Amino acid sequence: MGKASLSTVLLMTTALLVPCYNAVRFLPRLREQVDRLAPAFDEILLADDASTDDTAASASALGFRILHLAKNLGPGGARNALARESTSEWIHFHDVDDELAPDYLTRVAPMAKPDTDAVLHFTDFIDEKTRELVVRWELDAAELSHDPAAHLLLRPLPTMSSFLRREQFLAIGGFHATRRCFEDGDFHFRIGASGARLALVPEVLEWSLRHDRGAGANQHYCFVCRLEFLEDYVAQQPVRLHSVIAAEAERTAINLLRTGDVAAARRAITLAKDLGRKVPTTKHLGLRALRSLLPATTLLRWQDRWRRAN
C-alpha cells in the first residue's frame with residue numbers, strides 16, 4: 001500500500017490523536033514513527049496541553065498540526081478535545097513517548113466493520129532504558145465475548161489499546177477529565193458496559209515506554225483514582241457487576257496497603273464487604289479463621305507477603 005491512506009483503500013477515514021505536555025524531547029521520535037506508518041493515517045493531530053516548554057513550536061517545525069489548549073486539561077481532557085476536533089470516522093489515541101507498529105492500520109482496519117464500534121488489541125509496557133517487558137496488557141477472546149464489561153473491569157486496558165469509532169467514543173462521554181490515572185481502564189470498561197460492539201486483534205500493536213515521569217509512576221495516586229472509579233460504579237452499573245467491582249476493590253486495597261495508605265485501603269475493604277465479599281478472599285484455612293479476630297488490613301498484608309514470596 002506504500003504511503004497511501006486507508007481512506008482510498010477501505011473507504012474509511014482515520015486519525016492518530018496525540019496529547020502532549022512538555023514533550024519536546026519525544027517529538028523527533030514521534031515524527032520518525034509517523035513517517036514509517038504504512039498505510040498512513042488520514043489525519044494526525046497533536047494537542048499542546050498548555051506546556052511550559054516549546055512543545056507547540058517544536059511540533060509545528062516538524063510539520064505536525066497542533067491543537068492549542070488554553071489550560072492544562074490532563075490526559076483525559078486533552079484526548080477528549082482531540083476527538084472533538086477530529087473529523088475522522090475512526091480514531092486511535094497514542095502517547096507521544098510510546099511506539100506504534102508501522103503496520104498498525106493494516107492490522108486493525110479489517111476488523112473495523114460497519115457492525116463494530118471498537119477494535120481492541122494487546123499492548124506491552126516495556127522499560128524505556130532496557131526495553132525489558134514490564135507487563136503485557138492482553139484480553140481473553142472468549143471472556144471478552146461472554147461478558148465485555150466484567151472482563152474489561154478485571155483487565156483494565158491502557159489508552160493506546162483501542163481503535164475507536166469516533167461517534168461511539170463521543171457518545172459514551174470519552175475519558176474522565178479530572179482523574180489522571182486509571183482513566184483509560186475506566187473508559188474501556190465503560191465502552192464494554194455500554195453495549196458497544198467490540199472486536200479483538202490478539203496481537204501487541206503498541207509499546208508503552210515506562211519511566212518515572214508520568215502519572216502512572218505515582219502508584220498511590222493511581223490506586224486512589226481506581227478506588228474512586230470503583231465507588232462510582234456501584235451506583236452507575238447493574239447489580240450483576242457488583243461481585244466484580246468487589247473483587248477489584250479487594251485488589252485495590254492490597255495495592256493501597258503497599259503504598260502505605262491504610263485509610264484508603266480500609267475504604268476499599270469496606271466497599272468490597274458492602275458488596276458481599278469476604279476479605280481477604282482466600283482458600284487458606286488459617287486466614288479464613290482469623291477474619292473475625294484480626295483487621296482485614298493485617299490479613300491482606302500477610303496474604304500479600306506470602307503470595308509475593310511464593
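**Note on the predicted model: loops, strand pairing and helix packing**

1. Leu69 has its place in the loop between strand E3 (65-68) and helix H3 (74-85), and, as everywhere in this note, the position is taken from a predicted model. With a relative accessibility of 14%, Leu69 falls under the 20% limit and therefore counts as buried. The C-alpha atoms of Leu69 and Asp48 are separated by 6.0 Å, although the two residues are 21 residues apart along the chain. Leaving aside residues up to four places away in sequence, Leu69 touches Ala47, Asp48, Asp49 and Ala50, and also Ala78 and Ala81.

2. Two prolines deserve a look at the backbone. The peptide bond that leads from Ala38 to Pro39 is cis, its omega being near 0°, and Pro39 is found in the loop between helix H1 (27-36) and strand E2 (43-48). A cis peptide bond also joins Val279 and Pro280, where omega is about 0°; Pro280 is placed in the loop between H11 and helix H12 (285-289). As a general matter, most peptide bonds are trans.

3. Two residues other than glycine have a positive phi and may be checked in the same reading. For Asn22, phi is near 45°; Asn22 lies in the loop between strand E1 (14-20) and H1, and because its relative accessibility is 28%, Asn22 counts as partly exposed. For Arg131, phi is near 65°; this residue is found in the loop between E6 and strand E7 (133-137), and with a relative accessible area of 45% Arg131 is likewise partly exposed. Most residues other than glycine have a negative phi.

4. Strand E8 (residues 162-165) can be described by its two faces and its two partners. Ser162 and Leu164 point one way from E8, whereas Phe163 and Arg165 point the other way, and all of these residues are buried. In a regular strand the side chains alternate between the two faces of the sheet. Strand E4 (residues 90-93) runs antiparallel to E8 and is joined to it by 2 bridges, with Trp90 standing opposite Arg165. Strand E6 (residues 118-127) is also antiparallel to E8, in this case through 3 bridges, and Leu120 of E6 has Ser162 as its bridge partner in E8.

5. Strand E9 (residues 198-210) pairs with strand E5 (residues 99-100) in the antiparallel sense, through 2 bridges, and here Glu99 stands opposite Trp207. The pairing of E6 with E9, by contrast, is parallel and extends over 10 bridges, with Leu209 in E9 serving as the bridge partner of Ile126. E6 is thus a strand to follow in both directions, since its pairing with E8 is antiparallel and its pairing with E9 is parallel.

6. Helix H9 packs against helix H10 (residues 242-259) at an angle of about 160°, with the axes 9 Å apart. An angle over 145 degrees counts as roughly antiparallel, and H9 and H10 are therefore roughly antiparallel to each other. Their crossing is left-handed. On the H9 side the contact is made by Gln219, His220, Phe223, Val224, Arg226, Leu227, Leu230, Tyr233 and Val234, and on the H10 side by His242, Ile245, Glu248, Ala249, Thr252, Asn255, Leu256 and Thr259. By class, the residues of this contact divide into 9 nonpolar, 6 polar and 2 charged.

7. H9 (residues 219-236) also meets helix H11 (residues 262-274), and the axes of these two helices come within 11 Å and cross at roughly 25°. Since angles under 35 degrees count as roughly parallel, H9 and H11 are roughly parallel to each other, and H9 passes H11 in a left-handed crossing. Leu227, Glu228, Leu230, Glu231 and Val234 in H9 are in contact with Ala264, Arg267, Ala268 and Leu271 in H11. This contact holds 6 nonpolar and 3 charged residues and no polar ones. Leu227, Leu230 and Val234 of H9 appear in the contact with H10 as well as in the contact with H11.

Conventions
Residues are numbered from 1 along each chain as its sequence is written. This is a predicted model: local features need pLDDT of at least 70, side-chain atom pairs count only at pLDDT 80 or more; totals for chains, interfaces and linings use all residues. Side-chain values use heavy atoms; hydrogens and water are left out. Axes are lines fitted to C-alpha atoms, for helices over the stretch in contact, and angles run from 0 to 180 degrees between N-to-C directions. Helices (H or I, at least four residues) and strands (E, at least two) are DSSP runs, numbered from the N terminus. Angles under 35 degrees count as roughly parallel, over 145 as roughly antiparallel, 65 to 115 as roughly perpendicular and the rest as oblique. A crossing is left-handed if the near helix is turned anticlockwise from the far one by less than a right angle, and right-handed if clockwise. Contact means heavy atoms within 4.5 Å. Ala, Val, Leu, Ile, Met, Phe, Trp, Tyr, Cys and Pro count as nonpolar, Asp, Glu, Lys and Arg as charged, and the others, Gly among them, as polar. Buried means under 20% relative accessible area, exposed over 50%, partly exposed in between (1.4 Å probe, protein chains only). Two strands pair if DSSP finds at least two bridges between them.
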